[in-house]
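Reader: I have this model open at the bench and would love a close look at one part of it, the region that carries the dimerisation annotation. Could you walk me through how that part is put together, and then place it in the rest of the chain?

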Amino acid sequence: MLTDAAKGLRRGTSASPEQHAGLVEILKRVVELVHGPRDDIMDTMTGFCQIAVIRLFIKWKVFEKIPVAGIISYKELAAVVGADVSLITRLCWLLVATGVLRQEGPHRVAHTKKSEAYTTVAPLRAQLQMGFDEYMPPILAMPRYFDAYGLKEPTGKLHSVKAFAEGEPEISVTDLMNRHSKRVATMLLALSAMEKMYPHSGLYDFSWVAARAAESPGDRPLIVDVGGGNGHTLRAIYNDTPGLPISRCVLEDLPEVIEVAKTTADNGRQRPTTADKEVLGARLVGMDFFKEQPVKGALIYHTLRCDLEAFGDAMAPDSKVLVGEIVMSNPPAQSAAMMDMLLGTIGGKERTIEGFHDIAGRAGLQITAVSRGPRDVVIMECEKV
Ligand SMILES: C[S@@+](CC[C@H](N)C(=O)[O-])C[C@H]1O[C@@H](n2cnc3c(N)ncnc32)[C@H](O)[C@@H]1O
(Lines give C-alpha, C1' and ligand atoms only; values in the text may rest on other atoms or scores of the structure.)
Protein backbone atom coordinates (compact mmCIF):
# COMPACT_ATOMS: atom_id res chain seq x y z
CA MET A 1 0.00 0.00 0.00
CA LEU A 2 2.88 2.33 0.88
CA THR A 3 4.48 1.82 -2.56
CA ASP A 4 1.15 2.35 -4.36
CA ALA A 5 0.50 5.50 -2.37
CA ALA A 6 4.01 6.80 -3.09
CA LYS A 7 3.52 6.11 -6.84
CA GLY A 8 0.18 7.95 -6.69
CA LEU A 9 1.78 10.92 -4.98
CA ARG A 10 4.54 11.00 -7.63
CA ARG A 11 1.88 11.02 -10.37
CA GLY A 12 0.20 13.89 -8.51
CA THR A 13 -2.96 11.86 -7.75
CA SER A 14 -4.55 13.31 -4.63
CA ALA A 15 -5.60 10.75 -2.03
CA SER A 16 -9.17 10.49 -0.72
CA PRO A 17 -9.53 11.31 3.02
CA GLU A 18 -9.70 7.54 3.77
CA GLN A 19 -6.55 6.79 1.69
CA HIS A 20 -4.79 9.73 3.33
CA ALA A 21 -5.77 8.49 6.83
CA GLY A 22 -4.60 4.96 5.92
CA LEU A 23 -1.26 6.22 4.66
CA VAL A 24 -0.68 8.38 7.74
CA GLU A 25 -1.51 5.39 9.94
CA ILE A 26 1.03 3.14 8.14
CA LEU A 27 3.76 5.79 8.25
CA LYS A 28 3.10 6.36 11.94
CA ARG A 29 3.49 2.64 12.61
CA VAL A 30 6.76 2.52 10.67
CA VAL A 31 8.10 5.51 12.62
CA GLU A 32 6.99 3.89 15.91
CA LEU A 33 9.02 0.80 14.98
CA VAL A 34 12.17 2.75 14.18
CA HIS A 35 12.00 5.42 16.90
CA GLY A 36 13.68 4.96 20.25
CA PRO A 37 12.40 6.77 23.38
CA ARG A 38 14.85 9.63 22.86
CA ASP A 39 13.49 10.23 19.33
CA ASP A 40 9.96 10.38 20.74
CA ILE A 41 10.95 12.98 23.33
CA MET A 42 12.73 15.08 20.72
CA ASP A 43 9.67 14.92 18.42
CA THR A 44 7.28 15.86 21.22
CA MET A 45 9.42 18.81 22.31
CA THR A 46 9.79 19.97 18.71
CA GLY A 47 6.00 19.65 18.40
CA PHE A 48 5.27 21.94 21.31
CA CYS A 49 7.83 24.50 20.11
CA GLN A 50 6.19 24.37 16.67
CA ILE A 51 2.64 24.86 17.94
CA ALA A 52 3.83 27.82 20.06
CA VAL A 53 5.44 29.53 17.05
CA ILE A 54 2.41 28.91 14.83
CA ARG A 55 0.13 30.29 17.56
CA LEU A 56 2.30 33.44 17.86
CA PHE A 57 2.36 33.87 14.08
CA ILE A 58 -1.45 33.59 13.93
CA LYS A 59 -1.72 36.24 16.65
CA TRP A 60 0.80 38.57 15.00
CA LYS A 61 -0.62 37.86 11.50
CA VAL A 62 2.84 36.82 10.27
CA PHE A 63 1.50 34.18 7.84
CA GLU A 64 -0.63 36.81 6.06
CA LYS A 65 2.44 39.01 5.59
CA ILE A 66 4.35 36.36 3.64
CA PRO A 67 3.29 36.62 -0.03
CA VAL A 68 1.38 33.51 -1.14
CA ALA A 69 3.16 33.34 -4.49
CA GLY A 70 6.51 34.87 -3.71
CA ILE A 71 9.18 35.40 -1.17
CA ILE A 72 10.07 37.95 1.52
CA SER A 73 13.27 38.76 3.39
CA TYR A 74 13.33 38.31 7.16
CA LYS A 75 14.15 42.02 7.42
CA GLU A 76 11.04 43.10 5.48
CA LEU A 77 8.86 40.58 7.29
CA ALA A 78 10.06 41.84 10.68
CA ALA A 79 9.39 45.43 9.59
CA VAL A 80 5.76 44.78 8.51
CA VAL A 81 5.07 42.76 11.66
CA GLY A 82 6.78 45.35 13.87
CA ALA A 83 9.17 42.86 15.48
CA ASP A 84 12.94 42.43 15.91
CA VAL A 85 14.54 40.83 12.85
CA SER A 86 16.44 38.48 15.14
CA LEU A 87 13.19 37.36 16.83
CA ILE A 88 11.30 36.80 13.55
CA THR A 89 14.27 34.97 11.99
CA ARG A 90 14.67 32.72 14.99
CA LEU A 91 10.98 31.78 15.12
CA CYS A 92 10.80 31.29 11.33
CA TRP A 93 13.82 29.00 11.52
CA LEU A 94 11.91 26.60 13.75
CA LEU A 95 9.17 26.41 11.10
CA VAL A 96 11.72 26.12 8.28
CA ALA A 97 13.43 23.28 10.16
CA THR A 98 10.11 21.44 10.56
CA GLY A 99 9.06 21.96 6.93
CA VAL A 100 6.21 24.39 7.64
CA LEU A 101 7.98 27.33 5.93
CA ARG A 102 10.66 27.27 3.22
CA GLN A 103 13.86 29.36 3.24
CA GLU A 104 15.53 30.53 0.05
CA GLY A 105 19.19 31.57 0.32
CA PRO A 106 20.27 32.81 3.74
CA HIS A 107 17.85 35.72 4.20
CA ARG A 108 14.48 35.00 2.58
CA VAL A 109 11.45 32.93 3.50
CA ALA A 110 8.39 31.62 1.62
CA HIS A 111 5.20 29.68 2.24
CA THR A 112 4.74 25.94 1.83
CA LYS A 113 1.30 24.32 1.40
CA LYS A 114 1.32 23.74 5.18
CA SER A 115 1.89 27.38 6.19
CA GLU A 116 -0.58 28.66 3.56
CA ALA A 117 -3.34 26.88 5.47
CA TYR A 118 -2.83 29.37 8.32
CA THR A 119 -3.31 32.49 6.21
CA THR A 120 -7.12 32.47 6.36
CA VAL A 121 -9.59 32.17 9.22
CA ALA A 122 -10.12 28.60 8.09
CA PRO A 123 -11.28 25.83 10.42
CA LEU A 124 -7.74 24.41 10.47
CA ARG A 125 -6.30 27.57 11.98
CA ALA A 126 -9.11 27.60 14.54
CA GLN A 127 -8.27 23.99 15.38
CA LEU A 128 -4.66 24.81 16.16
CA GLN A 129 -5.76 27.85 18.16
CA MET A 130 -8.24 25.73 20.12
CA GLY A 131 -5.57 23.11 20.85
CA PHE A 132 -3.14 25.71 22.13
CA ASP A 133 -5.51 28.09 23.94
CA GLU A 134 -8.07 25.68 25.37
CA TYR A 135 -6.23 22.43 25.99
CA MET A 136 -2.56 23.24 26.57
CA PRO A 137 -3.18 25.27 29.77
CA PRO A 138 -5.12 22.46 31.53
CA ILE A 139 -2.61 19.86 30.38
CA LEU A 140 0.22 21.96 31.83
CA ALA A 141 -1.81 22.38 35.04
CA MET A 142 -2.32 18.61 35.51
CA PRO A 143 0.57 17.99 37.94
CA ARG A 144 -0.67 20.83 40.20
CA TYR A 145 -4.29 19.71 39.75
CA PHE A 146 -3.66 16.15 40.93
CA ASP A 147 -1.52 17.46 43.82
CA ALA A 148 -4.54 19.49 44.90
CA TYR A 149 -7.36 16.95 44.29
CA GLY A 150 -5.65 13.59 44.66
CA LEU A 151 -5.22 10.84 42.08
CA LYS A 152 -8.91 10.66 41.14
CA GLU A 153 -10.65 10.71 37.76
CA PRO A 154 -11.82 14.29 37.13
CA THR A 155 -15.44 13.68 36.09
CA GLY A 156 -17.54 16.35 37.81
CA LYS A 157 -18.97 19.50 36.22
CA LEU A 158 -17.15 21.55 38.85
CA HIS A 159 -13.47 21.31 39.76
CA SER A 160 -12.52 20.47 36.18
CA VAL A 161 -8.85 20.64 35.23
CA LYS A 162 -9.67 23.45 32.80
CA ALA A 163 -11.48 25.65 35.32
CA PHE A 164 -8.69 24.93 37.82
CA ALA A 165 -6.08 26.00 35.25
CA GLU A 166 -7.95 29.27 34.76
CA GLY A 167 -8.06 29.89 38.52
CA GLU A 168 -11.86 29.33 38.79
CA PRO A 169 -12.34 25.73 39.94
CA GLU A 170 -15.75 26.54 41.44
CA ILE A 171 -17.47 27.23 38.11
CA SER A 172 -18.45 24.88 35.28
CA VAL A 173 -16.63 24.89 31.95
CA THR A 174 -19.87 26.02 30.23
CA ASP A 175 -20.14 29.05 32.55
CA LEU A 176 -16.47 29.76 32.06
CA MET A 177 -16.71 29.69 28.26
CA ASN A 178 -19.92 31.75 28.22
CA ARG A 179 -17.79 34.68 29.34
CA HIS A 180 -15.68 34.43 26.20
CA SER A 181 -17.73 34.63 23.00
CA LYS A 182 -14.63 34.91 20.77
CA ARG A 183 -13.20 31.72 22.22
CA VAL A 184 -16.55 29.98 21.71
CA ALA A 185 -16.62 31.14 18.06
CA THR A 186 -13.10 29.73 17.52
CA MET A 187 -14.11 26.42 19.10
CA LEU A 188 -17.17 26.16 16.84
CA LEU A 189 -15.00 26.72 13.78
CA ALA A 190 -12.47 24.19 15.04
CA LEU A 191 -15.20 21.59 15.55
CA SER A 192 -16.15 21.95 11.90
CA ALA A 193 -12.53 21.09 10.94
CA MET A 194 -12.84 18.03 13.11
CA GLU A 195 -15.94 16.96 11.18
CA LYS A 196 -13.51 16.21 8.34
CA MET A 197 -11.37 14.09 10.66
CA TYR A 198 -14.40 12.34 12.11
CA PRO A 199 -16.84 12.29 9.21
CA HIS A 200 -19.87 10.96 11.06
CA SER A 201 -22.25 12.08 8.33
CA GLY A 202 -20.95 9.57 5.75
CA LEU A 203 -21.43 6.74 8.23
CA TYR A 204 -25.21 6.77 8.13
CA ASP A 205 -27.43 6.77 5.06
CA PHE A 206 -30.10 9.43 5.54
CA SER A 207 -31.72 8.83 2.11
CA TRP A 208 -34.71 7.07 3.76
CA VAL A 209 -35.47 10.35 5.56
CA ALA A 210 -35.69 12.24 2.24
CA ALA A 211 -37.91 9.46 0.84
CA ARG A 212 -40.18 9.64 3.91
CA ALA A 213 -40.38 13.45 3.57
CA ALA A 214 -41.49 13.09 -0.05
CA GLU A 215 -44.19 10.52 0.93
CA SER A 216 -45.57 12.60 3.80
CA PRO A 217 -45.21 16.33 3.06
CA GLY A 218 -46.64 17.95 6.26
CA ASP A 219 -44.41 19.73 8.71
CA ARG A 220 -43.20 16.93 10.96
CA PRO A 221 -39.59 17.77 11.91
CA LEU A 222 -37.24 15.34 10.17
CA ILE A 223 -33.75 15.74 11.64
CA VAL A 224 -33.05 17.66 14.83
CA ASP A 225 -29.31 18.11 15.39
CA VAL A 226 -29.12 18.55 19.15
CA GLY A 227 -26.00 20.44 20.26
CA GLY A 228 -25.18 20.94 16.58
CA GLY A 229 -22.82 23.91 17.07
CA ASN A 230 -22.74 26.13 14.00
CA GLY A 231 -24.56 23.62 11.82
CA HIS A 232 -21.57 21.95 10.15
CA THR A 233 -22.95 18.45 10.66
CA LEU A 234 -26.43 19.40 9.47
CA ARG A 235 -24.77 20.95 6.43
CA ALA A 236 -22.79 17.76 5.76
CA ILE A 237 -25.95 15.64 6.08
CA TYR A 238 -27.84 18.04 3.80
CA ASN A 239 -25.03 17.88 1.22
CA ASP A 240 -25.05 14.07 1.31
CA THR A 241 -28.85 13.69 1.11
CA PRO A 242 -30.51 14.84 -2.11
CA GLY A 243 -34.13 15.83 -1.60
CA LEU A 244 -33.85 16.52 2.14
CA PRO A 245 -36.01 19.61 2.83
CA ILE A 246 -33.80 21.79 5.03
CA SER A 247 -36.83 23.78 6.29
CA ARG A 248 -37.95 20.61 8.13
CA CYS A 249 -34.56 20.22 9.85
CA VAL A 250 -33.66 21.85 13.14
CA LEU A 251 -30.37 23.05 14.57
CA GLU A 252 -30.37 23.19 18.37
CA ASP A 253 -27.72 24.46 20.74
CA LEU A 254 -27.37 26.82 23.68
CA PRO A 255 -29.01 30.21 22.88
CA GLU A 256 -25.65 32.02 22.86
CA VAL A 257 -24.16 29.43 20.50
CA ILE A 258 -27.16 29.73 18.16
CA GLU A 259 -26.57 33.49 18.08
CA VAL A 260 -22.94 32.86 17.04
CA ALA A 261 -24.09 30.18 14.55
CA LYS A 262 -26.21 32.76 12.73
CA THR A 263 -23.03 34.65 11.86
CA THR A 264 -20.59 31.76 11.40
CA ALA A 265 -22.81 29.35 9.51
CA ASP A 266 -20.74 30.16 6.43
CA ASN A 267 -18.15 27.98 8.17
CA GLY A 268 -15.50 30.72 8.05
CA ARG A 269 -14.99 30.05 4.37
CA GLN A 270 -14.03 32.95 2.17
CA ARG A 271 -16.50 31.78 -0.46
CA PRO A 272 -19.47 30.20 1.32
CA THR A 273 -21.15 27.55 -0.81
CA THR A 274 -24.88 27.49 -1.50
CA ALA A 275 -25.22 24.70 1.08
CA ASP A 276 -23.43 26.86 3.68
CA LYS A 277 -26.10 29.51 3.23
CA GLU A 278 -29.02 27.13 2.80
CA VAL A 279 -28.38 25.53 6.18
CA LEU A 280 -29.65 28.79 7.66
CA GLY A 281 -33.01 27.74 6.19
CA ALA A 282 -33.21 25.17 8.99
CA ARG A 283 -35.04 26.15 12.18
CA LEU A 284 -32.43 27.46 14.62
CA VAL A 285 -33.51 26.79 18.20
CA GLY A 286 -31.70 28.00 21.32
CA MET A 287 -32.21 25.46 24.13
CA ASP A 288 -30.64 23.57 26.99
CA PHE A 289 -30.38 19.84 26.32
CA PHE A 290 -30.54 19.04 30.02
CA LYS A 291 -34.05 20.49 30.06
CA GLU A 292 -37.18 19.48 28.13
CA GLN A 293 -36.64 18.84 24.42
CA PRO A 294 -38.51 21.71 22.71
CA VAL A 295 -39.06 19.98 19.33
CA LYS A 296 -41.56 17.13 19.61
CA GLY A 297 -42.13 14.05 17.48
CA ALA A 298 -39.17 14.41 15.11
CA LEU A 299 -38.22 11.47 12.92
CA ILE A 300 -34.59 11.64 14.04
CA TYR A 301 -32.91 13.26 17.01
CA HIS A 302 -29.27 13.43 16.09
CA THR A 303 -26.62 14.05 18.71
CA LEU A 304 -22.95 14.12 17.86
CA ARG A 305 -20.24 14.41 20.47
CA CYS A 306 -22.69 15.64 23.14
CA ASP A 307 -23.95 14.08 26.35
CA LEU A 308 -26.77 11.65 25.57
CA GLU A 309 -29.78 13.44 26.92
CA ALA A 310 -33.15 11.99 27.87
CA PHE A 311 -35.46 12.65 24.90
CA GLY A 312 -38.28 11.00 26.81
CA ASP A 313 -41.65 12.50 25.97
CA ALA A 314 -40.47 14.35 22.88
CA MET A 315 -40.09 11.09 20.93
CA ALA A 316 -42.91 9.65 18.81
CA PRO A 317 -43.14 5.82 18.84
CA ASP A 318 -41.20 5.66 15.54
CA SER A 319 -38.63 8.38 16.38
CA LYS A 320 -35.01 7.32 16.28
CA VAL A 321 -32.10 8.78 18.20
CA LEU A 322 -28.78 8.74 16.37
CA VAL A 323 -25.78 9.07 18.62
CA GLY A 324 -22.48 9.85 16.94
CA GLU A 325 -19.54 9.30 19.21
CA ILE A 326 -16.07 7.99 19.56
CA VAL A 327 -16.60 4.52 20.98
CA MET A 328 -13.26 3.35 22.24
CA SER A 329 -12.13 -0.10 21.23
CA ASN A 330 -9.96 -1.87 23.83
CA PRO A 331 -7.21 -0.66 23.62
CA PRO A 332 -8.45 2.49 21.86
CA ALA A 333 -7.24 3.99 18.57
CA GLN A 334 -4.56 6.65 19.07
CA SER A 335 -6.87 9.56 18.14
CA ALA A 336 -9.60 8.24 20.47
CA ALA A 337 -7.15 7.99 23.39
CA MET A 338 -5.99 11.53 22.66
CA MET A 339 -9.57 12.86 22.57
CA ASP A 340 -10.27 11.05 25.85
CA MET A 341 -7.35 12.87 27.44
CA LEU A 342 -8.59 16.25 26.15
CA LEU A 343 -12.15 15.53 27.28
CA GLY A 344 -10.76 14.66 30.70
CA THR A 345 -9.72 18.31 31.10
CA ILE A 346 -13.38 19.42 30.93
CA GLY A 347 -14.74 16.62 33.10
CA GLY A 348 -15.80 14.42 30.16
CA LYS A 349 -14.57 11.07 28.89
CA GLU A 350 -14.76 8.79 25.88
CA ARG A 351 -16.57 5.50 26.50
CA THR A 352 -16.57 1.90 25.32
CA ILE A 353 -19.70 0.28 23.79
CA GLU A 354 -20.63 -1.22 27.20
CA GLY A 355 -20.63 2.32 28.61
CA PHE A 356 -23.03 3.42 25.85
CA HIS A 357 -25.42 0.49 26.45
CA ASP A 358 -25.59 1.66 30.09
CA ILE A 359 -26.21 5.29 29.21
CA ALA A 360 -28.82 4.41 26.57
CA GLY A 361 -30.62 2.19 29.09
CA ARG A 362 -30.71 4.99 31.64
CA ALA A 363 -32.18 7.31 28.98
CA GLY A 364 -34.97 4.76 28.25
CA LEU A 365 -33.42 3.76 24.92
CA GLN A 366 -31.94 0.64 23.38
CA ILE A 367 -29.17 0.58 20.80
CA THR A 368 -30.61 -1.14 17.70
CA ALA A 369 -27.76 -0.73 15.17
CA VAL A 370 -24.10 0.26 15.26
CA SER A 371 -22.03 1.51 12.27
CA ARG A 372 -18.31 1.66 12.89
CA GLY A 373 -15.99 3.96 10.93
CA PRO A 374 -12.23 4.46 11.16
CA ARG A 375 -10.54 5.79 14.33
CA ASP A 376 -13.23 4.40 16.66
CA VAL A 377 -15.88 6.70 15.15
CA VAL A 378 -19.33 5.13 15.58
CA ILE A 379 -22.98 5.95 14.89
CA MET A 380 -25.46 4.18 17.16
CA GLU A 381 -29.11 4.03 16.18
CA CYS A 382 -31.41 3.91 19.20
CA GLU A 383 -35.13 3.45 19.74
CA LYS A 384 -37.43 3.78 22.72
CA VAL A 385 -37.44 0.64 24.88
C1 LIG B 1 -18.44 18.77 21.63
S2 LIG B 1 -19.54 19.93 20.92
C3 LIG B 1 -20.23 19.01 19.59
C4 LIG B 1 -20.76 19.91 18.51
C5 LIG B 1 -21.21 19.18 17.25
N6 LIG B 1 -22.35 18.31 17.53
C7 LIG B 1 -20.07 18.40 16.66
O8 LIG B 1 -20.03 17.18 16.78
O9 LIG B 1 -19.17 19.01 16.09
C10 LIG B 1 -20.85 20.01 22.07
C11 LIG B 1 -21.96 20.98 21.68
O12 LIG B 1 -22.98 20.94 22.67
C13 LIG B 1 -23.38 22.26 22.97
N14 LIG B 1 -23.90 22.26 24.35
C15 LIG B 1 -23.20 22.13 25.51
N16 LIG B 1 -24.04 22.16 26.57
C17 LIG B 1 -25.30 22.30 26.05
C18 LIG B 1 -26.59 22.38 26.65
N19 LIG B 1 -26.76 22.31 27.96
N20 LIG B 1 -27.66 22.52 25.82
C21 LIG B 1 -27.51 22.57 24.47
N22 LIG B 1 -26.31 22.50 23.85
C23 LIG B 1 -25.21 22.38 24.63
C24 LIG B 1 -22.11 23.06 22.82
O25 LIG B 1 -22.39 24.43 22.65
C26 LIG B 1 -21.49 22.42 21.58
O27 LIG B 1 -21.94 22.99 20.39
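Author: Happy to; what follows starts with the annotated region and then moves outward to the rest of the chain. Please keep in mind that this is a predicted model.

The label you mention comes from an unreviewed UniProt entry, whose annotation "domain: O-methyltransferase dimerisation" covers residues 42-120. Over that stretch the chain is 59% helix and 13% strand. If you put a ruler on its two end C-alpha atoms, you will find them 30 Å apart.

Now for the strands. Look for an open sheet of three strands, in the order S1-S3-S2, with antiparallel pairing. Strand S1 (72-73) and strand S2 (101-104) each have a single partner strand, so they stand at the edges and one side of each is left without a neighbour in the sheet. To follow the pairing by eye, begin with S2 and strand S3 (residues 108-111), which are joined in the antiparallel sense by four bridges. A handy landmark there is Gln103, whose bridge partner in S3 is Val109. Helix H6 (residues 85-97) packs on this sheet and touches both S2 and S3. The direction of H6 makes about 105° with that of S2.

With that part in view, let us step back. The protein chain has 17 helices and ten strands, and of its 385 residues 30% count as buried. Among contacts between residues at least 6 apart in sequence, 63% join residues at least 24 apart.

Further along you will meet another open sheet, this one of seven strands with mixed pairing, in the order S6-S5-S4-S7-S8-S10-S9. Strand S6 (283-286) and strand S9 (365-372) are its edge strands, each pairing on one side only. From one strand to the next, the twist averages 20°. At the S9 end, seven bridges join S9 to strand S10 (residues 377-384), and the two run antiparallel. Here Val370 can serve as your landmark: its bridge partner in S10 is Met380.

Finally, there is the ligand. It is surrounded by 17 residues, and the closest are Gly227, Gly229, Phe289, Leu304 and Arg305. Sorted by character, the shell around the ligand has eight nonpolar, five polar and four charged residues.

So, back to your request: for the annotated region, residues 42-120, a good route is to find the S1-S3-S2 sheet, and then look for H6 packing on it.

How values were computed. Residues are numbered from 1 along each chain as its sequence is written. This is a predicted model: local features need pLDDT of at least 70, side-chain atom pairs count only at pLDDT 80 or more; totals for chains, interfaces and linings use all residues. UniProt positions are given in the numbering used here, feature names are shortened, and annotations may be inferred rather than shown by experiment. A residue is near a molecule or strand if its C-beta atom, placed from the backbone, lies within 6 Å of it. Ala, Val, Leu, Ile, Met, Phe, Trp, Tyr, Cys and Pro count as nonpolar, Asp, Glu, Lys and Arg as charged, and the others, Gly among them, as polar. Two strands pair if DSSP finds at least two bridges between them. Two residues are in contact if their C-beta atoms, placed from the backbone, lie within 7 Å. Axes are lines fitted to C-alpha atoms, for helices over the stretch in contact, and angles run from 0 to 180 degrees between N-to-C directions. A residue is buried if 20 or more other C-beta atoms lie within 10 Å of its own, exposed if 12 or fewer, and partly exposed in between; C-beta atoms are placed from the backbone.
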